Number of protein chains: 2
Amino acid sequence: MTDAVVEVTRGSVVESRHRVHIAVAHAERGLVASAGNAGLVSFVRSAIKMFQALPLVEGGGVEQFDLTTEELAVCTASHGGEPFHVAAARSILRKADASEDLLACGPHPPMHPSSADALAACHQTPGRIHNNCSGKHAGMLAFATLRGWPHADYHRPYHPVQQRVIDTIAHWMDVPVSAIVIGVDGCGLPTFALPLDRVAHGCARIAAAATDGGSAAARVIDAMLTRPAYVAGTDRLCTDLMVAAGGRLFAKVGAEGYYCVGVPHARLGIALKVEDGAKRAAEPAVLAVLRALNLVNDSELDILARYARPDILNTRGEIVGMLRVSLPALG
Amino acid sequence: MTDAVVEVTRGSVVESRHRVHIAVAHAERGLVASAGNAGLVSFVRSAIKMFQALPLVEGGGVEQFDLTTEELAVCTASHGGEPFHVAAARSILRKADASEDLLACGPHPPMHPSSADALAACHQTPGRIHNNCSGKHAGMLAFATLRGWPHADYHRPYHPVQQRVIDTIAHWMDVPVSAIVIGVDGCGLPTFALPLDRVAHGCARIAAAATDGGSAAARVIDAMLTRPAYVAGTDRLCTDLMVAAGGRLFAKVGAEGYYCVGVPHARLGIALKVEDGAKRAAEPAVLAVLRALNLVNDSELDILARYARPDILNTRGEIVGMLRVSLPALG
């Protein structure tokens, strides 16, 4: 095992270091590359929202509620709370006959700064609909409506909605349900502790399944790839990466330095975790991995330069350092 | 070398890990305890502001400008931009006949949230005086006035103010000036890359010197210990720790997970760096080190519980995890 490190420089000195654990899996060939501890057990947080959206699609929810591609994409989102995200989440709730008050996620200001400022300027208090997970929650409430299950407690691990989600995770990651340790996510939903290589395996499998146009997996991944702005938003790596790569791969961030990527044509899945949870390190690291695997090219990376090799500015606006990735040969 | 780690838990799982490097020095006996890499070279950032304030005091600036103890304390501060901090920094500038426009630090909103909100509510734009380093900058402008040096470029490494600061750092840390690598700090001043054990040594020496009532070191440390609110502010560990410990020790945070502590009666200095730069890990780590060395007791730690063992809350306000420190036997 060799270590991947994101170095934070200031002038000529490395000021801080982030260790990164990486697993790359092929849908049929298993683990094909890794760095650090590919078996690291950690919570997947929001990085696997594409799997959490599957039960609704598999159950026929898209047809039943006449969900648009944008609405399906926002079910997989850690969105910025921009007006179009909020509108999509509200539309799902309306179609599913579920009130906004039912959302179990807590309120927080939109992650997208201008959208947060706009709310504040109108003296509007941020609501649960602005939570970056509100699309996922709206999709789960719609799934409960679809099945005729109570909306109450839909976010609890014992609720049938979450039981179907856990079964879905176990299926795609190829682990027994009994091996999945559950924690409470930032938005109140169950989150799942899994080995990194199992998550890469799941991403590889859903990526491969996405090449089969009729499947639920294909519909979810297609929504992400064709409506990337709904998966994250303005000035966000997930969105900008999916756009820059021309829809060749899907990308999903999770809290505490988690990232998942799937590459349908290559039948590859990538799971990456910054040991200390730093988002600032996850972004350049995931791009370095994609470059090392020849899954993005230099001109695509140039478009993403501010994520791949971000400058560190001081309060005077001077560039005083940068982040750079030191990656071992992946193998 | 054994590792110190701050674990970030969620439910029953460790979700993220921060590695911490620690050096503890005695003024005469040298390095007495360590964890991780005590020779780690890193920027000291704001954690050594007590040394940066020394040239002004040694030069007679306190008498010349009739500086109050509060004003001297704010020269060592990473303050919250609370009204009393801003007033103290402005008063130094006024006494030193230096305009606020001369401050080289960039503007940022007060770190103290209510003070930032209060500015915003009055539609006031945050200024350079609200920069957490404005007290240090005001003190340096006063030093330039005192010596009759130009105010222009006082923040550049070649200016005589900074040359005296570098000499001071070299003296207390016992390193040649030529061995100090300079970077640009968040506020535009030079910052210094030094081995952790050298910084601990400097903290031990200034702590020991603080027991000699007449010295410049004693006056600076006394200002920190008797006016701790001016060194940081409301809801800040440096201030709350100095208060809880009844002035037995001084504490100074720096950016990127740095912390310095000095204990005059024990002639000890502590320097601590979180490898990845996370502030959230530095706070519980420094308190764990102080407890392990019997420099704070359990009832003092109870008062500081929210820094020592912070809960992790989600957007619903539920406690979903915590931070805990795993410290090897220090020795």
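Biologist: Before we start, what counts as a salt bridge here?
Modeller: A salt bridge is a side-chain nitrogen of Lys or Arg within 4 Å of a carboxyl oxygen of Asp or Glu. B:Asp298 and B:Arg291 form one, with their closest N and O atoms 2.6 Å apart.

Biologist: Nice. What should I know about the model and the numbering?
Modeller: This is a predicted model, where local features need pLDDT of at least 70, side-chain atom pairs count only at pLDDT 80 or more, and totals for chains, interfaces and linings use all residues. Residues are numbered from 1 along each chain as its sequence is written, chains are lettered from A and ligands numbered from 1 in the order in which they are written, and side-chain values use heavy atoms, leaving out hydrogens and water.

Biologist: Is B:Asp298 buried or exposed?
Modeller: B:Asp298 is partly exposed, at 46% relative accessible area. Buried means under 20%, exposed over 50%, and partly exposed in between (1.4 Å probe, protein chains only).

Biologist: And how many salt bridges are there over all chains?
Modeller: The whole structure has 38. Among them, A:Glu7 pairs with A:Arg324, the closest N and O atoms being 2.8 Å apart.

Biologist: How buried or exposed are those two?
Modeller: A:Glu7 counts as buried at 17%, while A:Arg324 is partly exposed at 33%.

Biologist: Which residue of chain B does A:Glu318 form a salt bridge with?
Modeller: A:Glu318 bridges to B:Arg156, with the closest N and O atoms 3.8 Å apart.

Biologist: Which residues join into one network?
Modeller: A:Arg10, A:Glu15, B:Arg45 and B:Asp185, through salt bridges that share partners.
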